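Dear colleague,

I am passing on the structure below, together with some notes on what was found in it. Please read the notes beside the coordinates.

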Amino acid sequence: MPQIYRVLSIAGSDPSGGAGVQADLKTFSAFGCYGMAAITALTAQNTQGVTACYPVAPEIVAAQIEAVLSDIRPDAIKIGMLATPDIARAVADTLARYKARNIVLDPVLVPTQGVSLASAGLEAALVAALLPLARLATPNLYEASALTQTPLASNADEMAAQGRLLCDAGAHAVLVKGGDLEGEPVDVLFEAGERRIFRGRRIPTRNTHGTGCALSSAIACELAKGAPLIDAIAAAKAWLEGALEAADQLRLSEGRGPPHHFYALWR
């Protein structure tokens, strides 16, 4: 019998299924992993944007995580939207107590469209409490800027500098995602004092809702299977490019839809 790899998502709920816990669980399934989820917030959102966000009480978030970790030990954990500093600290305390491993932190701070998904002080809580626990942090350009309190990066050198700052603050490794750069997208990994550049292709589609959730979840799946970090990132990026190329096949709405998580399975 093949080994079943277990991955836990700690994130907010997206009722439209494109981002958050719903997107994470789809990604876990696409990678052949058993998915679990602890919900940090309920949102009202669709392909047009986010209209409301309702954080879950920190003690309820912690109880969900503890219920899983005390019974089904995950091989990797993906952390997405946390909404408030108190939730971030509750998550960190629980994960530290159980010595959780292969944590991928995707610091969701601002949606592309709609209301904020983060309350005041969340950036500081993420840096102080969760960065040191994470195997990898995956901020986009705007999140890296917010977390480091530096101007928005415009090239790979500036992205690497922000990655260095976050590693100096306690992160083990940081992948600064450059999907919003002009020209071809470039992601920069900073780890152990060195940087590595991952180049990609610009896929012509408007359906990019939840791509950050999908990428970080895919990396977590590969880490769960024992892949080295560089290989996990490369495999996740290759899968996401395929999911974006197939995204228009879903024909969900006139808004900004998600990538096609199951493009390799729905033939």
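**Notes on the model**

Ala192 has a relative accessible area of 74% and is therefore exposed, where exposed means over 50% relative accessible area, buried under 20%, and partly exposed in between, with a 1.4 Å probe and protein chains only. This is a predicted model, in which local features need pLDDT of at least 70 and side-chain atom pairs count only at pLDDT 80 or more, while totals for chains, interfaces and linings use all residues. Residues are numbered from 1 along each chain as its sequence is written, and side-chain values use heavy atoms, with hydrogens and water left out.

**Two loop residues with positive phi**

Ala192 sits in the loop between strand S8 (186-191) and strand S9 (194-199); helices (H or I, at least four residues) and strands (E, at least two) are DSSP runs, numbered from the N terminus. The phi of Ala192 is near 50°, a positive value in a residue other than glycine. Lys99 is not a glycine either, yet has a positive phi of about 55°, and its place is the loop between H3 and strand S5 (103-105). With 70% relative accessibility, Lys99 counts as exposed.

**The cores**

The largest nonpolar core has 48 residues, and those with the most contacts inside it are Ile10, Ile79, Leu82 and Val91; a nonpolar core is here a set of buried Ala, Val, Leu, Ile, Met, Phe, Trp, Tyr and Cys residues joined through side-chain atoms within 4.5 Å. Apart from this core lies another, of 31 residues, among them Phe31, Leu189, Ala218 and Trp239. In soluble globular proteins, nonpolar side chains tend to be buried together.

If neighbours within four places in sequence are left aside, Leu82 is in contact with Ile10, Thr40, Ile87, Ala88, Val91, Leu122, Leu126 and Leu130, contact meaning heavy atoms within 4.5 Å. Several of the residues that Leu82 touches, including Ile87, Ala88 and Val91, are also among the buried residues of H3, together with Pro85, Ala90, Ala92, Thr94 and Leu95. The 13 residues of helix H3 (residues 85-97) should span 18 Å at 1.5 Å a residue, and its end C-alpha atoms are 18 Å apart, which agrees; the expected span is 1.5 Å times one less than the number of residues.

From the other core, Leu189 belongs to strand S8 and is buried, with a relative accessible area of 2%. Beyond its neighbours within four places in sequence, Leu189 is in contact with residues that include Leu136, Ala173, Val174, Leu175, Phe198, Leu229, Ile230 and Ile233. The C-alpha atoms of Leu189 and Ala173 are separated by 7.1 Å, although the two are 16 residues apart along the chain.

**Helices H7 and H8**

Helix H7 (residues 211-224) has 14 residues and reaches 20 Å from its first C-alpha to its last, close to the 20 Å expected at 1.5 Å a residue. H7 is mostly covered, as 12 of its 14 residues are buried, and Glu222 is one of them. After H7 comes Gly226, with a positive phi near 95°.

For the 17 residues of helix H8 (residues 229-245), a span of 24 Å is expected at 1.5 Å a residue, and its end C-alpha atoms are indeed 24 Å apart. Among the buried residues of H8 are Leu229, Ile233, Trp239 and Leu240, and also Lys237 and Glu241. What covers the buried residues of H8 includes helix H1 (20-30), strand S6 (136-137), strand S7 (173-176), S8, S9 and H7.

**The H5 and H6 pair**

Helix H5 (residues 141-148) and helix H6 (residues 156-168) pack at an angle of about 45°, with their axes 10 Å apart; axes are lines fitted to C-alpha atoms, for helices over the stretch in contact, and angles run from 0 to 180 degrees between N-to-C directions. H5 and H6 are therefore oblique to each other, since angles under 35 degrees count as roughly parallel, over 145 as roughly antiparallel, 65 to 115 as roughly perpendicular and the rest as oblique. At their interface, Leu141, Ala144, Ser145, Leu147 and Thr148 in H5 meet Met159, Gln162, Leu165 and Leu166 in H6.

Asp157 is also found in helix H6 and, at 51% relative accessibility, counts as exposed.

With best regards
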